[in-house]
Amino acid sequence: MIHWLKQLRSAFGVAFLWLVCLIYFTQGFRSFVWTAVSYQLKDRLQLSPSASQFVFSVAFFPWSVKPLYGIISDCIPIGGKKRTPYLVLSTVLSLVPWLLLGLDSTSRSSSLYLMIFLTIQNLGSAMADVVIDAMIAEAVRLEKASFAGDLQSVSWFAMAVGGVCGSLLGGYALSNLKIETIFLLFTVLPALQLLSCALVEEIPANNEPLPELLDSDEFEEKSKLSNDNYRDTNKSSTRRRKGQKKGKKGASNGKSEKQKKQSKSLASQWFQSLKAATFGLGRAFKQPIILRPMAWFFIAHITVPNLSTVMFYYQTEVLQLDAAFLGTARVVGWLGLMFGTFIYNRYLQDMTLRKSLLFAHIGLSITILLDMVLVSRANGGYGVSDKTMVLFGSALGDAINQLKFMPFLILSGRLCPPGIEGTLFALFMSINNLGNTVGSFMGAGLASLLGISSGSFENMFMGLAIQVFCTYIPVLFLFLIPKEATGVSAS
């Protein structure tokens, strides 16, 4: 283990490894503060379950447009650099909202202000996620391809550790600290991330060949002789300006024109790069081999209403489960996620993706049935405690969701054509995130339609029954997944 870490350190540098681990750890540790957000919406603002889920759905929308951040950072350098300036910007966007929410009682006492700040914070987190992924890809490409899997393993491990720590400490913090204190405590990580950005050196983008800029400068020099008419037409307007010496005025005007042309050329290059990247991404995505599977994963999310926020209300109000226990349940969920990854890699890679996705949806329906047993209180008749049901359901649910997510990762990686792997993969992840967001909206709508609210859970069983039925709708569309595709061999 120590030898492996030394190899990674010598290959990528201590500063870069530290930044990667810190960003992914922070992504996992977000559960520490988002648990507090859940209680802020429920107890302080007294929002209904559907209203709380609406706030979460809007706040997490920035994760649904991740390719936009990648395209912008690829095509529009800041200060000659493509990564670190955007990483600094994204870190500031991640830091400031939590700082304001911790210090300003008005901002956290209004559902609108809270939703806006949470959306800005997610914008920063999503952008940082895209930028660090791009930096990892670039670092691996610089003659270190043999370490690609190792670097990804380090990042996923850091996120898992962050998730476990955040879930454990989040429950403890809610039991012993004020919510505004939790918001302020979390700012330590993005603040540390901001300081760490200065430790990583990036090769300026303008050190790379930029034919468009060089060609435009050469064109400007070569076209001076043919621009006499243009200069003549501007001569009279130049004379009307403040009196200056003729020679100095001509030099100043020439310099101004040159700067203007360079600026125009740079803006034109950015526009053309953005246009080319967008159209290239669109052309790749329109291919049936890519469009059809991604359509299935999107359908699989939007057809199943997400009632997780409603269940949170039920667990805290009806079952009287405290924050510390719910934090423990999330830790068990993280362990279930790791177990699901192990099971898929060890036993299910040879299975066709259609079959593994079918089993995943059957498993998801079983987890919802367990929630129905919990809501009906039938578990008490068999001597099974509510806490046992919640812990088991959390572990099983996250494990099965990971069994569904692994085929998505495998298929996404396989479908990405050379040259635009990073951006197209970000698009795939955005589709997955957008599907989750729409599913959350659907859950909020269903809860509102059934009249499920704080203190009124009579129709909770019906909502879960509808969710079970909807779980099987995506199965009807499995024909969109390549028939022979498995986890180890291309279709």
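How many salt bridges does the structure hold? I began my notes with this count, and the structure, which is a predicted model, holds 5 salt bridges.

**Entry 1: helix 3 and helix 10**

I looked up how helix 3, residues 31–44, lies against helix 10, residues 179–186, and found that their axes come within 10 Å and cross at roughly 155°. Because angles over 145 degrees count as roughly antiparallel, I noted helix 3 as roughly antiparallel to helix 10. I also recorded that the crossing in which helix 3 passes helix 10 is left-handed.

I then listed the residues that make this contact, which on the side of helix 3 are Phe-32, Val-33, Ala-36, Val-37, Tyr-39, Gln-40 and Arg-44, and on the side of helix 10 are Ile-179, Glu-180, Ile-182, Phe-183, Leu-185 and Phe-186. Sorted by kind, the residues of the contact of helix 3 with helix 10 come to 10 nonpolar, 1 polar and 2 charged.

**Entry 2: Glu-180 and its partners**

I turned next to Glu-180, and asked which residue of helix 3 it is paired with. In helix 3 the partner is Arg-44, which stands 136 residues apart from Glu-180 of helix 10, so that I noted the pair as a link between distant parts of the chain. The closest N and O atoms of this salt bridge between Glu-180 and Arg-44 are 3.6 Å apart.I looked at accessibility as well, and Glu-180 is buried, with a relative accessible area of 15%, whereas Arg-44 counts as partly exposed at 45%.

Glu-180 also meets Arg-108 in a salt bridge between their side chains, at 3.7 Å from N to O. Since Glu-180 lies in helix 10 and Arg-108 in helix 7, residues 105–109, this pair ties together parts that are 72 residues apart in sequence. For Arg-108 I noted a relative accessible area of 9%, and this residue is buried. Through shared partners, the salt bridges join Arg-44, Arg-108 and Glu-180 into one network.

**Entry 3: Asp-43 and Lys-42**

Finally I looked up the salt bridge that Asp-43 forms with Lys-42, in which the closest N and O atoms are 2.8 Å apart. Is Lys-42 buried or exposed? With a relative accessibility of 12%, Lys-42 counts as buried, while Asp-43 is partly exposed, with a relative accessible area of 39%.

Terms used: Residues numbered from 1 in each chain as written. Predicted model: local features only at pLDDT ≥ 70, side-chain atom pairs only at ≥ 80, totals over all residues. Heavy atoms only, no water. Axes fitted to C-alpha atoms, helices over the stretch in contact; angles between N-to-C directions. Helix = DSSP H or I, 4+ residues; strand = E, 2+ residues; numbered from the N terminus. Parallel < 35°, antiparallel > 145°, perpendicular 65-115°, else oblique. Left-handed = near helix turned anticlockwise from the far one by under 90°. Contact = heavy atoms within 4.5 Å. Nonpolar A, V, L, I, M, F, W, Y, C, P; charged D, E, K, R; others polar. Salt bridge = Lys/Arg side-chain N within 4 Å of Asp/Glu carboxyl O. Buried < 20%, exposed > 50% of the residue type's maximum accessible area, 1.4 Å probe, protein only.
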